[in-house]
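Here is a walk through one protein, from its cores out to its sheets and hairpin. Keep the sequence and the 3D view side by side.

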Amino acid sequence: MTLLKRRIAGALVVIGVASLITFLQVEANHETDDQISEEAIWNAGPGDLSAIGQACKITDAARYRECFIEQMGDYASSDAVAFTQMLASQKKPRLGYLVDLREYGVVDLGYVVYPGNGNMHPGWALVNGIPPMVNLDDVAILPKSAMEKDPQYVALRQSHPQMQLVVNDEERKADTSPQIDRLPGEGERFVVPYSLQEPCAGCAPLAQASF
């Protein structure tokens, strides 16, 4: 993991951590075995989301997801609904839908929107590998042990005990993408940015971490 420098209130915070890399591989032909294609993209209009919101006035998160997906079938393709169902069935379920798909080789990058409480949060997912989806916005799946043992990270944590590893919306905008390295044997490495910041509204990131 590499922590990139950020300027916070005139101070420069730089942390170095050993790189941690996750590889995704596929076993068959990419062109014929893609489970998620452009057919899964949903360009939802404001009227679509408003109608679904009116139909799903439910406070329980799990039941709201189920209702949203059921109603979504009236406005989106079956492939788009299937993507949302897949995202909702992850270990950490989230309600979101695919708005763009960029092919990079054996593994592709999906651009996701997470609707909720009037806000639309952007996100990323690696798709068409094994497993067929990896939600890059689920920080719980990241191998954080090396970062947490790094002396410079420990020092930053001591001065900011509430600091958390989070996804910043600025890191997932439509005009951004992870760093993608080509590896021998048609493999790929996606280097994905995250932020270290305190849990307060409007707090600027203390540093950036890349997995």
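A nonpolar core is a set of buried Ala, Val, Leu, Ile, Met, Phe, Trp, Tyr and Cys residues joined through side-chain atoms within 4.5 Å. Buried here means under 20% relative accessible area. The model is a predicted one.

Begin with the overall inventory. The protein has six helices and eleven strands. Of its 211 residues, 40% count as buried. Take the contacts in the protein with a separation of 6 or more: residues 24 or more positions apart account for 54% of them.

Now turn to the cores. In soluble globular proteins, nonpolar side chains tend to be buried together. Here, the largest nonpolar core has 24 residues. Which of them touch the most other members? They are Leu109, Leu126, Leu136, Leu165 and Tyr194. Five elements give two or more residues to this core: the strands β4 (108-116), β5 (119-127), β10 (193-197) and β11 (207-210), and the helix α6 (151-159).

Tyrosine 194 deserves a closer view. Neighbours within four places in sequence are left aside here. Its contacts then include Leu136, Val139, Leu142, Leu165, Val166 and Val167. Glu171 and Arg172 are also in contact with tyrosine 194. So are Ala207, Gln208, Ala209 and Phe211. A second, separate core has 14 residues, and among them are Ile69, Ala76, Ala80 and Ala88.

Some of those names come back in a helix pair. Helix α3 spans residues 61-72, and helix α4 spans residues 78-88. Their axes come within 9 Å and cross at roughly 170 degrees. Angles over 145 degrees count as roughly antiparallel, so α3 is roughly antiparallel to α4. From α3, the residues in contact are Arg65, Ile69 and Met72. From α4, they are Ala80, Val81, Thr84, Gln85 and Ala88. By class, this contact has five nonpolar, two polar and one charged residues.

Next comes a sheet. Four strands form an open sheet in the order β3-β4-β5-β6, with antiparallel pairing. Which strands lie at the edges? They are β3 (97-102) and β6 (133-135), and each pairs on one side only. From one strand to the next, the twist averages 30 degrees. The pairing of β5 with β6 runs over three bridges. In that part of the sheet, valine 127 stands opposite methionine 133 of β6.

Look at the other edge of the sheet. Leucine 101 sits in strand β3. Is this residue buried or exposed? Leucine 101 has a relative accessible area of 9%, so it is buried. Leaving out residues up to four places away in sequence, leucine 101 touches Ile36, Ser37, Glu38 and Ile41, along with Asp108, Leu109, Gly110 and Val127. Glutamate 38 is 63 residues away along the chain, yet its C-alpha atom is separated from that of leucine 101 by 6.3 Å.

Finish with a hairpin. Strand β8 (residues 179-183) and strand β9 pair in the antiparallel sense over five bridges. One bridge joins glutamine 179 to valine 191 in β9. Three residues lie between the two strands of the hairpin. In the turn, glycine 185 has a positive phi of about 75 degrees. Strand β9 covers residues 187-191, and four of its five residues are buried. Therefore β9 is largely enclosed by the rest of the structure.

Note on methods: Residues numbered from 1 in each chain as written. Predicted model: local features only at pLDDT ≥ 70, side-chain atom pairs only at ≥ 80, totals over all residues. Heavy atoms only, no water. Axes fitted to C-alpha atoms, helices over the stretch in contact; angles between N-to-C directions. Parallel < 35°, antiparallel > 145°, perpendicular 65-115°, else oblique. Contact = heavy atoms within 4.5 Å. Nonpolar A, V, L, I, M, F, W, Y, C, P; charged D, E, K, R; others polar. Buried < 20%, exposed > 50% of the residue type's maximum accessible area, 1.4 Å probe, protein only. Pairing = 2+ DSSP bridges.
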